[in-house]
Amino acid sequence: MRITDTSDLWWKTAVVYCLDVEVYLDSDGDGVGDLQGLALRLDYLAELGVTCLWLMPFYPTPDLDDGYDVSDFYGVDPRLGTHGDLVEVIRTANDRGMRVIVDLIVNHTSDRHPWFRSALRSVDSPYRDYYVWREDPPPADEPNEVFPGEVDGMWEKDERSGQWYLHSFYAHQPDLNIGNPKVRDEIAKTIGFWLQLGVSGFRVDAVPYFLEAPLGDVQDGHRLLRDLRRFLQRRSPEAVLLGEVNLPYDEQMKYFGGDDADELTMQFDFVGMQAIYLALARHDPAPLVKALRERPRLAVEAQWANFLRNHDELTLDKLSESERAEVFEAFAPDESQRVYGRGITRRLPPMLGGDPRRVRMAYSLLLTLPGTPVLFYGEEIGMGENPDVPGREAVRTPMQWSSRKNGGFSDVAPSRLVATPPAGGYAPQHVNVADQVEDPDSLLCFVQRLIARYHRSPEIGWGELAILDPGDAAPAVLAHSLRADVGRMVALHNFSDEPAVAQFVLDDEPDGVRLSDLLGPGEVSVGDRREVEVELEAYGFRWFRVARPGDGRLG
């Protein structure tokens, strides 16, 4: 690769920031965040170092599933603003060096979508086959995999016709029939519409359910995904499809399109994320090392998206039952902090006991893993969840801008807020942007510095991973390097509450090579046999540039 290649495949070195407009900033005093409020915070996001905004659903909705029950794929929820407001956000974000991607939710619609309302009126409706129906009663004990214990089964009876419709999620979210060519055309038109308004791609919701559940024909589903990728690239060659595919690595490869890399552009690494939490619980990087070694090698045109937290429950479904019990015991000891038997409803800082050393080590790790980092809004300041809110909604609280009323999110009476901030130690009075933005020792400034160093290290997004042996005296240290044509960097992370001394060897490096500290001044000497010794504090971490004679790089 050349450094100029990073502008073509921009997403390989992006910093993605996920936010829900509804809870980001209220500009008009109705207790609901809006697009004009987001526009007021674009400079903040640019200064943080964000290069790609992922906007959670902003479409018209009955809002029974936090906006994922869409009643108009082409609209903007009037509570949040207008198409004009959205275009202004996209244009201003672009001017500040940020692209915008949006949620593509085409597994289902709301039951209030005009298509479904028409389908319910008559079996002869032209929209009846937009959905999936059955004549015979479904099995009485059929589980719902997405919401076990909360939703009964996957079929709901339409009393008028006596038929049942499929809903992989809630009963108010009927599944679309993607085997219908007209539905496929509607999906393509939806993609084309938002591309025309200036978005740079889509986070594709629940891809396996989208492709497999309605059809039962996996191969046809993958043909559809390839068709959508080709359509996307015809309309906008720079645009991406970032897929939510929570499957084992070998199955995820199919959703990339295998060696051809002609389906999803990027996928979230759910396996690696869950391995991180098991490693944190054990104070031992071995589970993460195992996951990184098992990660399939991707084509240049594909990428992993790394994350520590998102808007859903922290799913642990890829861990064994005993491993899941370990993570539950460490980070969600109270049953109320768990959901669906597989997930945690907490944000990262409370899970780590508010220990700033562990929190910073975790974000340092996120920014140095091979792939593209994805942040959930509020992570940069260490926001916590609201334990008084049940289920997944606990982490979807308003952004905390200041210590003022409602955390500076809105001036309305607290009873009118769309969501309630947490109380206690993670309340806005203690955790907010205003207090941290000018404090050089704050988590916000720390994350900002990490992102700046990440941007100077394109080998993280492009490079080949090597796990280094940190020596017998440092079993709790993860040492890894990333090497690309533009250079090489080394990262060390101590998962233990005890200091450690890592000793490793840099193979295939020339005479005169140095290790330049990327997070502070100074260098670490490299021996004649390329051996290196580095001291790490408890939960400490170090980033180094492998500086070769004459390579011309800064730090």
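In this predicted model, strand β21, which spans residues 531-536, shows two contrasting faces: V532, V534 and L536 make up the covered one, while E531, E533 and E535 lie on the uncovered one. The partner of β21 described here is strand β18, residues 500-505, and the two strands pair in the antiparallel sense through six bridges. One place to pick up this pairing by eye is A500, whose bridge partner in β21 is L536. That leucine also belongs to the covered face of β21.

A second set of strands offers a helpful comparison of layout. Here three strands form an open sheet, arranged in the order β11-β13-β12 with antiparallel pairing. Strands β11 (314-315) and β12 (338-339) stand at the edges and have a single partner strand each, so one side of each is left without a neighbour in the sheet. Between β11 and strand β13 (residues 343-344), which run antiparallel, there are two bridges. Within this pair, L314 is found opposite I344 of β13.

Turning from strands to a helix, R358 is located in helix α13, which covers residues 356-368. R358 is buried, yet this arginine has no salt bridge. The nearest side chain of opposite charge belongs to D355 and is 5.5 Å away, whereas a salt bridge would call for a side-chain nitrogen of Lys or Arg within 4 Å of a carboxyl oxygen of Asp or Glu. What, then, is R358 in contact with, leaving aside its neighbours within four places in sequence? The contacts of R358 beyond those neighbours are L280, H283, F331, L352 and Y539.

Definitions and conventions:
Residues are numbered from 1 along each chain as its sequence is written. This is a predicted model: local features need pLDDT of at least 70, side-chain atom pairs count only at pLDDT 80 or more; totals for chains, interfaces and linings use all residues. Side-chain values use heavy atoms; hydrogens and water are left out. Helices (H or I, at least four residues) and strands (E, at least two) are DSSP runs, numbered from the N terminus. Buried means under 20% relative accessible area, exposed over 50%, partly exposed in between (1.4 Å probe, protein chains only). Lys and Arg count as positive and Asp and Glu as negative; His and the chain ends are not counted. Contact means heavy atoms within 4.5 Å. Two strands pair if DSSP finds at least two bridges between them.
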